[in-house]
Amino acid sequence: MKYLKKIQLPLLAIVGSVILFGCKKESKPLVKEKECFSEKEMTDFKPLKITNENVVKSLRLNGVVAYNPNAVVNYVSLVGGIITNTYFTLGDKVEKNQVLAEIKSTELNSIEAEVKQIKANLEVAKRQLQSTQSFYDDGIASEKELIAAKSEKGNLESDLEKLQTNLKLYSASPEKGVFQIKAPRSGFVVDNKIAAGMQIGAEGDPLFTISDLDEVWINVNIYASDINAVKEGMPVGIKTSSYPDKVFEGKINRISNVLEPNENVLKARIVLDNKDLFLKPGLYVEAIVRNETEEKAPHIPAKSVVFNNNAYYIVKLEDKCNAKVSEVKILSKDENSFFIKEGLNEGDKIVTNNTLLLFESTPSLN
């Protein structure tokens with residue numbers, strides 16, 4: 001009896017295994033392999049017939065956004081004094097004639113005192129002219145005396161007008177006892193060197209800089225090894241980490257002919273419209289230069305390529321019943337497209353949509 005029990009246990013285990021195995025096979029029935037794709041599936045694949053095109057080689061250059069120096073105003077104070085108040089910060093948008101700061105200056109007191117004195121002298125000169133004119137009409141005063149009286153009045157009026165013009169030019173605010181610094185144009189404050197309590201001199205260094213930023217410059221570095229690959233007029237795409245899905249299109253406007261001694265690079269300039277103000281001065285960018293060559297090769301969208309195990313693959317469509325995975329060698333690439341060196345020929349047809357799905361379901365490689 002004990003022997004039978006020993007036999008039964010392994011036997012039961014074997015039978016159980018067979019049953020489990022059988023259950024597993026029944027729970028995962030064989031899927032019948034599909035022979036052909038439907039018309040809808042073929043449409044969804046967005047097949048592309050390959051053509052050979054001029055190879056475009058991409059080169060990445062590091063750069064930084066700068067304001068256009070031809071569209072800025074550097075403000076220099078015409079009077080000296082102490083900055084008592086400031087009403088702006090770096091990066092602020094300002095309107096023309098907006099008060100940005102105030103200067104307490106001894107020059108204002110001096111000019112105002114001079115204005116009062118000239119006004120008083122002018123009143124005397126006016127009365128003197130009236131008296132001289134009356135004497136001249138009666139034949140008592142000479143023409144020379146009349147001309148001298150008129151000249152005195154005219155000189156005083158000219159001096160008063162000059163001082164009043166200066167007060168207006170300096171944006172004087174007599175009631176507050178300060179000169180006001182007003183924005184000379186509308187735009188953004190892109191540089192600022194003043195603060196409350198700071199003493200400034202007349203006609204010294206620029207206190208701040210205003211630019212409209214509707215157009216910006218991208219200054220990029222061209223290393224010595226890439227000089228021959230970059231030319232003026234080349235199209236370029238600007239990318240920045242601030243807007244990873246956006247590419248700003250432009251072209252190389254100017255390349256310096258002298259290497260920067262400290263960096264050993266050539267500086268190149270790209271001028272871009274910036275009406276939406278995406279690009280801020282000081283923002284680091286990557287400029288992708290596209291160099292079109294005379295060489296021709298198959299050109300395909302980047303989304304039609306699958307990268308797997310350090311190799312690149314595409315799915316060829318011979319007809320609606322034959323899809324085959326093929327390895328390709330890349331000649332040149334950018335974010336949106338690839339130029340193929342080997343594995344694809346002009347006239348071949350490939351899948352450009354749902355490529356990864358087909359790649360994973362296709363068992364064999366060519």
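This tour moves from a strand sheet to the aromatic rings and then to two charges placed over rings.

The structure is a predicted model, in which local features need pLDDT of at least 70 and side-chain atom pairs count only at pLDDT 80 or more, while totals for chains, interfaces and linings use all residues. Residues are numbered from 1 along each chain as its sequence is written, and side-chain values use heavy atoms, with hydrogens and water left out.

**The sheet**

Begin by selecting strand E8, residues 178–182; strands (E, at least two residues) and helices (H or I, at least four) are DSSP runs numbered from the N terminus. Four of the five residues of E8 are buried, so the strand is largely enclosed by the rest of the structure, where buried means under 20% relative accessible area, exposed over 50% and partly exposed in between, with a 1.4 Å probe and protein chains only.

Now add the neighbours of E8, bearing in mind that two strands pair if DSSP finds at least two bridges between them. On E6 (residues 99–104), four bridges lead to E8 in the antiparallel sense, and Val99 has Lys182 of E8 as its bridge partner. E7 (residues 172–173) is joined to E8 by two bridges, also antiparallel, with Ser173 opposite Val178. Between E7 and E8 lie the four residues that complete a hairpin, and Gly177 in the turn has a positive phi of about 70°.

Extend the selection to E4 (residues 81–86), which pairs with E6 antiparallel over four bridges, Thr86 being the bridge partner of Ala101 in E6. The whole is an open sheet of five strands in the order E7-E8-E6-E4-E10, with antiparallel pairing; E7 and E10 (199–200) are its edge strands, each pairing on one side only.

**The rings**

Next, show the aromatic side chains, among which a search of the whole structure finds nine pairs; rings of Phe, Tyr and Trp (its six-membered ring) pair if their centres lie within 6.5 Å, and planes under 30 degrees apart count as stacked, over 60 as edge-to-face and the rest as tilted. Phe88 and Phe208 have ring centres 5.4 Å apart and planes at 65°, so this pair is edge-to-face. Phe88 lies in the loop between E4 and E5 (93–94) and Phe208 in E11 (residues 208–211), 120 residues apart. Phe88 and Phe208 are both buried, and ring pairs link them with Tyr75 into a cluster.

**Charges over rings**

Finally, select Arg269, which lies over the face of Trp217 at 3.8 Å from the ring centre, and Lys93, which lies over the face of Phe188 at 5.9 Å; the criterion is NZ of Lys or CZ of Arg within 6 Å of the ring centre and within 35 degrees of the ring normal.
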